[in-house]
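Visitor: I am new to protein models, and I would like to learn how to read one slowly, feature by feature. Could we go through one together?

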Amino acid sequence: ILTRVLDLLIERELIDYRKKQISRVLTALINGETEESRLRADIARGEYGRNPNEAQLGEISDRLTKIIDLKTAEFWSVVSLVGAEYGGGNDEGPLPEDRAKWYGDFGWRNGRLFQFIDDKLDVVGDEEVTGKPVGLDIANGTLNAVHLAAMQNPETPAKARRRLFGTISDQEYRAGGVESERVQKANRIAAQYGIPPLEYQVRKEVERLKFLMRDISSGNQIIYATLGAI
């Protein structure tokens with residue numbers, strides 16, 4: 001995506017408005033990658049120990065939310081807005097402010113949902129479909145939304161919580177050690193305790209999207225059905 005965005009800036013003759021939109025995507029993606037690398041490094045260095053307390057989990061949650069917003073939600077927000085502008089026959093500039101906000105919010109929430117589902121597939125996906133083995137984030141020391149949901153779930157036993165975070169933060173299990181029994185045990189903990197609360201969060205996001213769909217479509221059933229399909 002970064003390469004394609006740079007190509008657009010270099011190869012295409014674009015009006016300043018489009019260049020600003022593309023630059024916004026580029027900046028968000030780079031900042032998101034940077035923030036994710038920092039969080040991964042802090043976890044590996046033991047900044048949060050091997051068993052973070054509630055306050056530390058809150059800090060991690062804030063940082064992970066920022067990463068998702070930058071890497072995925074912001075990207076989808078701009079893409080949604082550009083698609084709406086071109087789809088509405090307006091390829092020279094912005095939509096009216098109220099409609100621009102609707103489409104930007106629609107993309108933003110879809111982007112967050114996309115990341116949640118992507119994280120879920122890392123835990124319980126089918127490798128033949130996703131192209132990657134389950135547990136890859138744990139093996140690479142990357143904490144995702146499912147892992148965090150499991151860590152914050154009050155029903156997660158303390159020992160299971162320690163095992164999950166300890167495996168993510170332990171550099172010995174990096175570099176693709178997906179087949180490690182320890183990684184797989186940690187992944188099963190994530191699946192058992194992290195997916196149910198994350199799916200509840202997904203349902204709440206979907207309900208918000210339905211309200212946005214009603215606002216955007218303004219009674220037009222074709223538009224509402226199209227947004228529903230997305």
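Guide: We will go from the whole chain to its helices, then to its open and closed spaces, and finally to two single residues; please keep in mind that this is a predicted model.

Visitor: Where should I begin, and how many helices and strands are there in the protein chain?

Guide: A good start is to list the elements, and here the protein chain has ten helices and zero strands, so that reading from the N terminus gives α-α-α-α-α-α-α-α-α-α. For the overall dimensions, imagine a box laid along the principal axes, which the C-alpha atoms fill to roughly 55 × 40 × 40 Å. The protein chain has 230 residues, and 44% of them count as buried.

Visitor: What share of the contacts in the protein chain join residues at least 24 apart, among those between residues at least 6 apart in sequence?

Guide: That share is 70% in this protein chain, counted among the contacts between residues at least 6 apart in sequence.

Visitor: How do I describe two helices that pack together, such as helix 7 and helix 8?

Guide: The general idea is that two packed helices are described by the angle between their axes and the distance between the axes. In this model, helix 7, residues 145-152, packs with helix 8, residues 158-169, at an angle of about 145 degrees, and their axes are 9 Å apart. The crossing of these two helices is left-handed. To find the place where they meet, look for His147, Ala150 and Met151 on the side of helix 7, and for Arg161, Leu164, Phe165 and Ile168 on the side of helix 8. Sorted by class, the residues of this contact are five nonpolar, one polar and one charged.

Visitor: What about the empty spaces, and how many cavities of 30 Å³ or more does the structure hold?

Guide: A cavity is a space from which a probe cannot get out, whereas a pocket is open. The structure holds one cavity of 30 Å³ or more, and about 50 Å³ of space lies in the largest cavity. Its lining is made by Glu36, Leu39, Arg40, Ile43, Leu64, Ile67, Thr142 and Leu143. Two elements, helix 2 (16-44) and helix 3 (54-87), give two or more residues each to this lining, and helix 2 has the largest share with four residues. By class, the lining of the largest cavity has five nonpolar, one polar and two charged residues.

Visitor: And which residues lie nearest the centre of the largest pocket?

Guide: They are Glu33, Lys71, Thr72, Gln115 and Asp118, out of 22 residues that line the largest pocket, in which about 400 Å³ of space lies. Helix 2, helix 3 and helix 4 (97-124) each supply at least two residues of the lining, while helix 3 gives the most, with seven. The lining of the largest pocket has ten nonpolar, four polar and eight charged residues.

Visitor: How should I read the second largest pocket?

Guide: You can take the same steps again, beginning with its volume of about 340 Å³. This second largest pocket is lined by 15 residues, and those closest to its centre are Leu8, Ile22, Val78, Val79 and Val82. At least two lining residues come from each of helix 1 (2-11), helix 2 and helix 3, with helix 3 holding the largest share, five residues. By class, the second largest pocket is lined by eleven nonpolar, one polar and three charged residues.

Visitor: Now for single residues: is glutamate 35 buried or exposed, and why?

Guide: Glutamate 35, which lies in helix 2, counts as buried because its relative accessibility is 16%, and the cut-off for buried is under 20%. Beyond its neighbours within four places in sequence, glutamate 35 is in contact with Lys66, Ile67 and Leu70.

Visitor: Where does glycine 135 lie, then?

Guide: Glycine 135 lies in the loop between helix 5 (127-130) and helix 6 (136-139), and it is buried because its relative accessible area is 0%. If we leave aside neighbours within four places in sequence, glycine 135 is in contact with Asp122, Val178, Val183 and Asn187. Glycine 135 also shows how sequence and space can be read side by side, for glutamine 184 is 49 residues away in sequence and 6.6 Å away in space, taken from C-alpha to C-alpha.

Conventions: Residues are numbered from 1 along each chain as its sequence is written. This is a predicted model: local features need pLDDT of at least 70, side-chain atom pairs count only at pLDDT 80 or more; totals for chains, interfaces and linings use all residues. Side-chain values use heavy atoms; hydrogens and water are left out. Buried means under 20% relative accessible area, exposed over 50%, partly exposed in between (1.4 Å probe, protein chains only). Contact means heavy atoms within 4.5 Å. Axes are lines fitted to C-alpha atoms, for helices over the stretch in contact, and angles run from 0 to 180 degrees between N-to-C directions. A crossing is left-handed if the near helix is turned anticlockwise from the far one by less than a right angle, and right-handed if clockwise. Ala, Val, Leu, Ile, Met, Phe, Trp, Tyr, Cys and Pro count as nonpolar, Asp, Glu, Lys and Arg as charged, and the others, Gly among them, as polar. On a 1 Å grid over the protein atoms alone, a cavity is a set of points where a 1.4 Å probe fits but cannot get out, and a pocket is an open set with protein on both sides within 12 Å along at least five of seven lines; lining residues have an atom within 4 Å of a point. Grid points are joined across faces, edges and corners, and a volume is the space filled by probe spheres set on the points.
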